[in-house]
Amino acid sequence: MGGRTDVRPLLLERDEQLEALRALMERAGGGHGDHLVIEAPAGLGKTVLLNAALASVPGDVTVFRARANLLESEFAFGVVRQALEPAVRRMTSVDRRTLLAGAAHHAAPVLGLETPDEPLESSEASYRALHGLYWFLSNLCERSPVVIGIDDLQWADSSSLDFLDFVLTRLDDLPVALLATMRSGEQRDPRGSLSTFLEHAGRTMPLELLTRRAVAEVMQRSADHEIDDACVDACHRITGGNPFYLEQLLAELAEEGIDVTAEHVDRIERIAPASVSRVVLARIARFGAPALALAKAVAILGGAGTPAQVRSLVDLGDLEMERASDALISANILRHGQDLAFLHPIMHNAVYDEIGPAERSRLHSTAARALRAEGAAEERVVAHLLATTPTSDPDVVGSLLHAAGRAVANGAPSAAVVYLRRALDESPDIGSRREILSELVTLEVAAGVPSAPDRARDWLAMSTSPLERARAAIIAATALILQGREGEAFGPILTVRQELLGESDGVARAWLDSQIALYGWLTAESAPFGAVAASGLPDAAGVPDVDRIIKLTRAVFGVLRGDPEARTLAAALDEALSGPDVMLEVPLEHPGFAAAMWTTTVCGAYGVVDAFLESALRDVRARGSALGTALSLHWRAFLRLHQGAVADAAEDARLCLDLCVSGGWPYGVKSALAILIEAMRDWRGSSDAAAAIDPAWTVELATGIPDAQLLGARALLAFDDGDLDAAGDALSRSAELYAALGMPNPGCSVWRSPAAMIALRRGDRAEADRLTAEELEGALRFGAKRTIGIALRTRGIVLGDVDLLDASVHELDGSGAHLEYARSLMEFGAALRRTNHRKDAERPLRSALDEARTIDARPLVAAIEGELAALGRPVPRRSVTGIDALTGSERRVVALAASGMSNPEIAQMLFVTRKTVEKHLGNAYLKLGISSRTELPKTLPTGESSIS
């Protein structure tokens with residue numbers, strides 16, 4: 001093949017893919033984000049294609065490029081940092097401050113620009129990092145469209161894949177072209193991040209093998225004579241049309257001086273690579289031991305390294321290294337450039353796989369020391385330590401623990417789990433192993449790792465102090481509960497509790513019992529354990545933080561049981577929640593927080609809950625905690641539903657659900673869905689409530705309180721549809737769950753009133769009478785106004801007793817439960833009309849109409865208007881414009897805009913997209929009769945524009 005200049009296949013038969021990539025980038029330039037994933041086996045030219053596409057990007061578009069490699073697949077946000085960090089570091093300090101403003105600030109630690117804050121709960125830190133990176137990218141897009149090109153996606157670290165998926169599902173809002181290549185058949189996806197990304201990406205675009213015509217063209221372009229058809233047939237058959245294999249075959253023929261002519265077909269057949277790895281290794285071996293040593297060093301470094309890094313791994317003089325590198329570059333094995341890098345990942349893999357286990361471990365250990373000496377990122381050092389054999393080296397343990405802490409703080413808990421597991425293998429010291437286990441278990445539980453319960457039991461077995469054993473038992477129980485193994489969950493706890501009965505450490509015992517109670521109330525299986533633990537709590541343990549938890553637990557169980565004096569219980573809950581460090585003892589994701597919010601609301605202490613949640617929301621938004629925001633919104637939705645602010649409740653519940661689904665958190669989904677259904681039903685009607693259920697919120701019922709709530713909500717929809725059998729069945733299952741949970745209080749187990757209405761509709765007055773009598777008795781014993789008012793109203797309807805309906809109105813007047821008050825007013829007025837007290841009926845009906853319109857309860861408004869029409873009274877129309885016409889979300893967005901915040905700032909604060917903000921503002925402008933945000937302050941009530 002004399003005269004050969006270049007054997008690399010050109011971009012033959014790739015016009016469709018190139019056109020798709022260019023169209024994608026044009027759409028991004030026009031402000032419309034999109035994505036494309038090219039998938040093909042090794043050697044088909046994915047990288048060449050991606051390089052060609054990125055080379056055609058216009059100069060006014062920002063391009064970020066990264067290539068994943070197997071060595072760094074556990075490097076937290078490794079691909080993201082590879083793509084973004086170099087460009088960020090080249091920016092001026094002014095540009096960096098601008099791009100990292102607002103929620104984007106949370107991307108700074110991920111990009112290595114500052115030390116992370118104290119580690120948060122892993123799920124919270126993870127979402128905060130993703131949220132920060134998203135807004136950093138969004139801020140970049142304010143300057144120009146962005147193209148992100150990722151090569152070898154199959155080896156990307158899970159945290160980077162999570163970010164790419166985060167962006168993928170929000171591309172409608174960004175002028176971003178996301179291009180990725182992926183090698184088929186080599187997916188490593190232990191945590192499912194790649195599968196999730198591909199599921200959201202949809203169809204991938206394949207690359208086909210070269211046809212015989214293309215093989216002939218490649219061969220002809222590299223030869224100085226006409227290529228014989230027999231040679232083309234042989235090369236096409238041997239390589240299968242794989243461009244890389246063809247390149248290697250032609251290179252090998254050139255190395256051996258074999259001309260591609262008909263008389264050499266037999267020799268071509270003999271040299272054909274049964275394995276391309278064998279050919280690559282044979283070509284390297286021709287250049288001698290120095291070249292092989294250098295190739296191994298580059299392979300150990302992940303396929304690329306600086307000359308200094310490579311030199312630290314090989315015992316070669318400067319001249320030997322120079323000659324070896326030149327030889328490998330001339331042979332198209334290494335790429336020419338500042339770094340020494342393999343031309344193709346197949347070559348890297350071929351060399352790496354040839355290195356024996358002992359030599360591989362030694363070289364990775366040497367690489368780790370060299371990288372640490374030059375000040376490389378800790379994660380890059382640790383990537384090599386993960387590939388070494390454990391040697392009980394305390395320095396290695398220290399590096400792994402430090403990297404794990406950084407990974408958690410940077411929002412990459414999955415990487416931290418890998419680091420801690422390796423540290424556990426490395427550490428011989430029992431005390432150190434116990435500490436590592438405690439951190440590892442906490443992370444694995446939060447991540448839902450299947451082995452978490454067993455790991456927690458290991459920690460429990462190694463723990464010695466009473467308090468540590470109590471903590472380990474609680475973590476083990478939590479791991480089991482999260483995996484649906486509630487029946488096993490309390491075994492470890494009860495074992496430790498039995499041990500603590502003989503201990504002098506009463507503080508540990510009291511703390512454990514409080515935790516058992518607060519965790520136990522969640523499911524029917526664990527409720528009996530929780531009730532027993534709660535009943536044995538002392539009045540105090542003598543330690544303020546533990547005493548606060550004891551007080552909270554005792555008050556919570558008092559409400560669940562329906563103990564008398566709701567006001568006393570509410571005061572106790574208020575006191576328990578008002579401590580300066582209460583969020584440290586009962587963080588938002590702790591069952592105790594849910595218990596406190598639920599029971600305080602049921603007591604009717606709406607002001608206490610409102611103030612606490614507003615404070616919590618300010619805190620979690622300042623910290624950029626999407627999980628905290630979701631949980632706070634969940635309980636504010638529950639509060640608003642009790643108050644009757646149904647539009648606000650629906651909007652809060654919907655936002656909570658979106659945050660939980662996008663963040664991958666199961667917390668509160670079923671309960672929030674129940675709230676959304678009830679709020680939508682009372683706001684817009686049953687059909688809208690059913691239509692509002694997003695398929696992404698699909699859940700499986702279990703045996704917890706949220707399951708009982710969701711069954712109750714579904715029963716209401718079925719009742720409205722006239723399906724009494726389905727409604728009755730759902731309520732029966734809900735009632736059984738509440739009974740198993742040990743909650744006789746009708747303010748908590750809300751099923752008797754709707755069940756009574758079903759019985760009444762069926763003509764079973766005796767059953768309706770029994771249910772309402774039982775509910776009223778429990779409500780009067782407990783003493784909460786809303787609960788009593790509902791019970792009085794339902795019993796009044798069942799018995800046809802106007803006095804009971806009147807009593808319901810008086811009980812609910814001033815209670816803060818506006819929807820229930822309006823309902824009772826309507827039922828009282830309707831009963832007066834039916835008993836021929838028509839003159840007396842008009843006043844409560846008009847009051848009910850005013851109340852229902854104020855809270856925008858449209859089905860109730862229609863029902864009241866029907867009653868007034870039956871009285872023959874005119875029904876005043878209500879305008880659908882003005883401040884009162886705004887939904888809860890529109891009002892929040894308008895208030896923030898009026899305070900001077902920009903659309904991106906509002907979106908960042910509320911964890912929504914800019915398009916959502918724009919939609920809410922557009923709707924609000926129409927309702928308010930204005931055309932711009934400058935007119936907002938004068939349209940809002942005094943003080944409303946200061947809401948933030």
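User: Which residue is the bridge partner of Ile-38 in β4?

Analyst: In this predicted model, the bridge partner of Ile-38 in β4 is Thr-181. Ile-38 also stands opposite Met-205 in β5.

User: What makes β1 and β4 a pair of strands, and how do they run?

Analyst: Two strands pair if at least two bridges are found between them. Seven bridges join β1, residues 34-40, to β4, and the two strands run parallel; the requirement of at least two bridges is therefore met. One of the positions along this pairing is Val-37, which stands opposite Ala-180 in β4.

User: How many bridges join β1 to β5, and what follows under the rule of at least two?

Analyst: Two bridges join β1 to β5, and these strands run parallel. The rule asks for at least two bridges, so β1 and β5 count as paired.

User: What joins β3 to β4?

Analyst: Five bridges join β3 to β4, again in a parallel run. Ile-148 has Leu-178 as its bridge partner in β4, and Gly-149 stands opposite Leu-179.

User: In what order do the strands of the five-stranded sheet lie, and what makes β2 and β5 edge strands?

Analyst: The order is β2-β3-β4-β1-β5, in an open sheet with parallel pairing. β2 (62-67) and β5 (205-206) are the edge strands, since each pairs on one side only.

User: How do you know that β4 is mostly covered?

Analyst: A residue is called buried when its relative accessible area is under 20%. In β4, residues 176-183, eight of the eight residues are buried. In a regular strand the side chains alternate between the two faces of the sheet. Both faces of β4 are covered: Val-176, Leu-178, Ala-180 and Met-182 are buried on one side, and Ala-177, Leu-179, Thr-181 and Arg-183 are buried on the other.

User: Which strands form the sheet with antiparallel pairing, and why is one side of β6 and of β7 left without a neighbour?

Analyst: Three strands form this open sheet, in the order β6-β8-β7. β6 (304-305) and β7 (334-335) stand at its edges and have a single partner strand each, so one side of each has no neighbour in the sheet. β6 is joined to β8, residues 340-342, by two antiparallel bridges, and Ala-304 stands opposite Ala-341 in β8.

User: How do you know that the span of helix α3 agrees with its number of residues?

Analyst: Helix α3 covers residues 78-90, and at 1.5 Å a residue its 13 residues should span 18 Å. The C-alpha atoms at its ends are 18 Å apart, which agrees with that expectation.

User: Where in α3 does a kink lie?

Analyst: A kink of about 40 degrees lies at Leu-84, shortly before the proline Pro-86. Leu-84 is one of the buried residues of α3, which also include Gly-78, Val-79, Arg-81 and Glu-85.

User: Which residues line the second largest cavity, and how do they divide into nonpolar, polar and charged?

Analyst: Rolling a probe the size of a water molecule over the atoms shows where empty space is left. The structure holds five cavities of 30 Å³ or more, and the second largest has a volume of about 50 Å³. Its lining consists of Val-79, Val-80, Ala-83, Leu-84, Ile-148, Ile-150, Phe-163 and Leu-164. These divide into eight nonpolar, no polar and no charged residues. α3, β3 (146-151) and α6 (158-168) each supply at least two of the lining residues, and the largest share, four residues, comes from α3.

User: Why does Phe-77 count as buried, and where does Phe-77 lie?

Analyst: The relative accessibility of Phe-77 is 1%, and the cut-off for buried is under 20%, so Phe-77 counts as buried. Phe-77 lies in the loop between β2 and α3. The phi of Phe-77 is near 55 degrees, a positive value in a residue other than glycine.

User: Is Asp-152 buried or exposed, and what is the sign of its phi?

Analyst: Asp-152 has a relative accessibility of 3%; set against the cut-off of under 20%, Asp-152 is therefore buried. Asp-152 lies in the loop between β3 and α6. Although Asp-152 is not a glycine, its phi is positive, at about 55 degrees.

Conventions. Residues numbered from 1 in each chain as written. Predicted model: local features only at pLDDT ≥ 70, side-chain atom pairs only at ≥ 80, totals over all residues. Heavy atoms only, no water. Expected span 1.5 Å × (residues − 1). Bend = angle between axes of the 7 residues up to and from the residue. Buried < 20%, exposed > 50% of the residue type's maximum accessible area, 1.4 Å probe, protein only. 1 Å grid on protein atoms, 1.4 Å probe; cavity = no way out; pocket = protein on both sides within 12 Å on 5 of 7 lines; lining within 4 Å. Points joined across faces, edges and corners; volume = space filled by probe spheres on them. Nonpolar A, V, L, I, M, F, W, Y, C, P; charged D, E, K, R; others polar.
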